[in-house]
Amino acid sequence: MPEPLGGLRIAFAGTPEFARTALKELLDAGCVPPLVLTQPDRPAGRGMKLQASAVKQLALAHALPLAQPRSLRLDGKYAADAQAAQQALQAARPDVMVVAAYGLILPAWVLALPRLGCINIHGSLLPRWRGAAPVQRAIEAGDAATGICIMQMDEGLDTGDILRQEAVPIAPDDTSASLSLRLAERGAVLLLQTLQDMARGTAERRPQPADGVSYAHKIAKTEAPIDWQQDAAVIERRVRALDPFPGATFQWQGETVKLWRAALRRGEQGPPGTLLPSAPGTLLMACGRDALELLELQRAGGRRLPVAAWLQSVRTT
């Protein structure tokens with residue numbers, strides 16, 4: 001029986017569920033990474049207890065060698081972490097390293113260590129939406145489609161040559177969560193195809209076009225508050241882009257409320273940020289242009305509820 005992926009030694013670096021999908025695809029193909037890199041455990045949940053990343057959980061379940069450096073910069077604040085990671089990577093002797101939503105910048109020494117370099121699974125049609133939040137920014141901008149790129153990494157920000165690329169349509173009701181799931185699934189498939197090409201020596205590299213470059217800046221919590229002066233269509237897209245993190249918010253009777261789902265209602269108009277007349281059990285909010293019907297809301301410490309149930313919870317407290 002032939003060795004999986006031509007016997008390539010494939011290290012892996014990734015953190016969230018998007019990356020876990022790719023790692024699972026490698027494992028299912030019979031590839032056992034000699035080293036997995038992932039971010040340190042972070043506080044999460046209502047109790048803010050330390051929680052392992054999705055990639056770490058899968059790596060532990062398969063007893064894979066694991067490293068969680070806080071940085072990979074040998075001359076930085078966490079130089080000891082970087083030196084330990086360097087020793088671990090050198091000992092792993094990878095032919096190539098797969099990187100998927102890892103969250104740390106790879107310095108030159110990492111990029112040069114595997115003989116075939118490092119390849120990245122990126123959730124956009126490069127060069128559009130280089131950067132940290134390509135899925136969210138594509139939804140926010142109203143793009144009709146995005147995609148997956150398998151890219152040969154260099155020292156630039158998502159500037160490397162493209163090895164494989166595939167478009168993925170964006171549905172009118174897509175959230176960052178739902179779109180990321182589809183992109184992760186397609187990215188895992190394209191990853192295996194790319195690694196097979198690399199194992200056979202047939203991988204083709206295509207430089208990114210010089211035109212059409214845009215940057216997907218990291219999502220910040222400060223983006224959560226809704227500006228009702230904006231067009232309803234813009235707000236509706238942002239609501240979906242900020243799902244699941246950090247969630248779009250607005251103030252209701254002195255309380256911060258998250259809006260998870262809304263529907264555009266054209267032709268409805270009123271002072272932005274005020275409620276318009278609507279049927280019982282519904283909420284219609286005026287925006288700078290048109291209005292939004294608020295469909296799914298969440299109070300602090302509560303759970304997501306359809307608007308009728310949410311209104312009932314507000315009235316009973």
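Biologist: In β17, which residue is the bridge partner of E296?

Modeller: The partner is P306 in β17. Keep in mind that this is a predicted model.

Biologist: What makes β16 and β17 a pair of strands?

Modeller: Two strands pair if there are at least two bridges between them. Here 2 bridges join β16 to β17, residues 305–306. The cut-off is met, so they pair. They run antiparallel.

Biologist: In the hairpin of β16 and β17, which residue takes a positive phi?

Modeller: That is G301, with a phi near 80°. The hairpin has 5 residues between the strands.

Biologist: How do you know that β15 and β16 pair?

Modeller: Count the bridges again. Strand β15, residues 283–286, shares 4 bridges with β16. At least two are needed, so the strands pair. The sense is antiparallel. One of the facing residues is A286, which stands opposite A291 in β16.

Biologist: How many residues lie between β15 and β16 in their hairpin?

Modeller: There are 4. D290 sits in that turn and has a positive phi of about 65°.

Biologist: Over how many bridges do β13 and β16 pair?

Modeller: They pair over 8 bridges, in the antiparallel sense. Strand β13 covers residues 255–265. Its A263 stands opposite E293 in β16.

Biologist: Why is β16 called mostly covered?

Modeller: Buried means under 20% relative accessible area. Of the 9 residues in β16, 291–299, 8 are buried. So the strand is mostly covered.

Biologist: Now the aromatic rings. How many aromatic pairs are there?

Modeller: The count comes to 2 aromatic pairs. One of them is W228 with F250.

Biologist: Why is the pair of W228 and F250 called edge-to-face?

Modeller: Ring centres must lie within 6.5 Å, and planes over 60 degrees apart count as edge-to-face. For W228 and F250 the centres are 5.7 Å apart and the planes stand at 75°, so the pair is edge-to-face.

Biologist: What does the pair of W228 and F250 tie together?

Modeller: W228 lies in the loop between β11 and α7, while F250 lies in strand β12, so the pair ties together parts 22 residues apart in sequence.

Biologist: Are W228 and F250 buried or exposed?

Modeller: W228 has 11% relative accessibility, so it counts as buried. F250 is buried too, at 4%.

Biologist: What makes W252 and W310 an edge-to-face pair?

Modeller: The centres are 5.2 Å apart, with 75° between the planes. Both values pass the cut-offs of 6.5 Å and 60 degrees, so the name fits. W252 lies in strand β12 and W310 in helix α8, so this pair ties together parts 58 residues apart in sequence. Both W252 and W310 are buried.

Biologist: How do you know that the charged end of R304 sits over the ring of W260?

Modeller: The charge must be within 6 Å of the ring centre and within 35 degrees of the ring normal. The charged end of R304 is 3.6 Å from the centre of the W260 ring, and it sits over that ring.

Biologist: Why does Y215 count as partly exposed?

Modeller: Partly exposed lies between under 20% and over 50%. Y215 has 39% relative accessibility, so it falls in between. Y215 lies in strand β11. With L157 and V213, Y215 makes a nonpolar surface patch of about 250 Å².

Terms used
Residues are numbered from 1 along each chain as its sequence is written. This is a predicted model: local features need pLDDT of at least 70, side-chain atom pairs count only at pLDDT 80 or more; totals for chains, interfaces and linings use all residues. Side-chain values use heavy atoms; hydrogens and water are left out. Patches are made of residues with over 30% relative accessible area and no salt bridge: like charges are joined within 9 Å, nonpolar side chains (Val, Leu, Ile, Met, Phe, Trp, Tyr) within 5 Å. Accessible areas come from the Shrake-Rupley method with a 1.4 Å probe; for residues, only the protein chains shown count as cover. A salt bridge is a side-chain nitrogen of Lys or Arg within 4 Å of a carboxyl oxygen of Asp or Glu. Buried means under 20% relative accessible area, exposed over 50%, partly exposed in between (1.4 Å probe, protein chains only). Rings of Phe, Tyr and Trp (its six-membered ring) pair if their centres lie within 6.5 Å; planes under 30 degrees apart count as stacked, over 60 as edge-to-face and the rest as tilted.
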